[in-house]
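This report walks through one protein model, beginning in the middle of its sheet and moving outward from there. Please keep the sequence and the 3D view open while reading.

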Amino acid sequence: MHFYRPLGNISALTFDLDDTLYDNVPVITRTEKEAFEFVRNFHPSLNALEVDAFHRVRQALRHAEPDIYHDVTEWRRRAVERAMLDAGLSEEEARAGADAAMVHFASWRSRIEVPQETHDTLKVLAKRWPLVAITNGNAEPHLFGLDQYFQFVLRAGPHGRSKPFSDMYHLAAKKLHISPAEILHVGDDLTTDVAGAIRSGVQACWINLRDTNLMRATDSRLLPHMEISRLASLTALL
Ligand SMILES: [Mg+2]
């Protein structure tokens, strides 16, 4: 554990989800693959759809609506709908198809393996502080047993712009009736979690799970208050 700035009073902890509380890589890789196959198999005219073509549809949407990336779920749904329309499906078919694709996506997305260490650590921390999840992604903690530790979950899109914007950091403080400075945010990303928290007036704990050197990381902008290499280290703050 390293300290780079003096820690102030802590009244609540907020957590990033993906790659902070579990390894997100295996599940998202599998989910992307299964979700794409679902779209391809949805209708004969989609059978020839290529990954690159679908990616271009996503980028075209973002180009037309620059703010859509804040809500990754809606962005994906709209991209599927667009790809289905482009393949010649009717508006009604495309809407129903996109909805079905998102249900399928969510079922794969939730097959997350949460390490026992995460359960043990959150359980202990939750006895001392209110815990909140703040995610830019589409994981749903109630589908893989993590919701029990959180007072609430904030999600980019429905709850504001994605991190590093301050929207969700400030909303968390407001909902907890505390000042942003009384929050310690824990996350793996130096931009969205660390720089985002610091610029929002929130204390930041960087979880460095890949043995990255903070002084050499290309995405290192602002020093966190502290760095840990495993979640269980947080219990030292108790
Ligand atoms: Mg993350």
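In this predicted model, Phe-15 stands opposite Val-186, a residue of strand E5. The two residues belong to a wider pairing, for strand E2 (residues 12–15) and strand E5 (residues 183–187) run parallel and are joined by four bridges. At another place along this pairing, Ala-12 stands opposite Ile-183 in E5. E5 is also paired with E6, again by four bridges and with the two strands running parallel, and here Gly-187 of E5 stands opposite Trp-206 of E6.

The opposing residues named so far can be set side by side.

| Residue in E5 | Residue opposite |
|---|---|
| Ile-183 | Ala-12 |
| Val-186 | Phe-15 |
| Gly-187 | Trp-206 in E6 |

In general, the strands of a sheet pair through backbone hydrogen bonds, and they may do so in a parallel or an antiparallel way. In this model the open sheet has seven strands in the order E1-E7-E6-E5-E2-E3-E4, and the pairing is mixed. Strand E1 (2–3) and E4 stand at the edges with a single partner strand each, so one side of each is left without a neighbour in the sheet.

Helix H6 (residues 167–176) packs on this sheet, where it touches E2, E3, E4 and E5, and its direction makes about 155 degrees with that of E4. Another helix, H7 (residues 190–199), lies across E5 and strand E6 (203–207), running at about 160 degrees to E6. Taken together, E5, H7 and E6 make a right-handed β-α-β unit.

How many of the residues of E5 are buried? Five of its five residues are buried, and the strand is described as mostly covered. Looking at its faces separately, one side carries Ile-183, His-185 and Gly-187, while the other carries Leu-184 and Val-186, and all of these residues are buried, which leaves both faces covered.

A last stop lies outside the strands, at Asn-138, which is found in the loop between strand E3 (131–135) and strand E4 (152–155). Is Asn-138 buried or exposed? Its relative accessibility is 12%, and because buried means under 20%, Asn-138 counts as buried. Leaving aside residues up to four places away in sequence, Asn-138 touches Val-72, Thr-73, Phe-105, Arg-109 and Arg-155. With one of these, Arg-109, the side chain of Asn-138 makes a polar contact of 2.6 Å.

Terms used: Residues are numbered from 1 along each chain as its sequence is written. This is a predicted model: local features need pLDDT of at least 70, side-chain atom pairs count only at pLDDT 80 or more; totals for chains, interfaces and linings use all residues. Side-chain values use heavy atoms; hydrogens and water are left out. Buried means under 20% relative accessible area, exposed over 50%, partly exposed in between (1.4 Å probe, protein chains only). A polar contact is a pair of N or O atoms within 3.5 Å; within protein, one must be able to donate a hydrogen and the other to accept it, and residues adjacent in sequence count only if both atoms are side-chain atoms. Contact means heavy atoms within 4.5 Å. Two strands pair if DSSP finds at least two bridges between them. Axes are lines fitted to C-alpha atoms, for helices over the stretch in contact, and angles run from 0 to 180 degrees between N-to-C directions. A crossover is right-handed if, with the strands pointing away from the viewer, the path from the first strand over the helix to the second runs clockwise.
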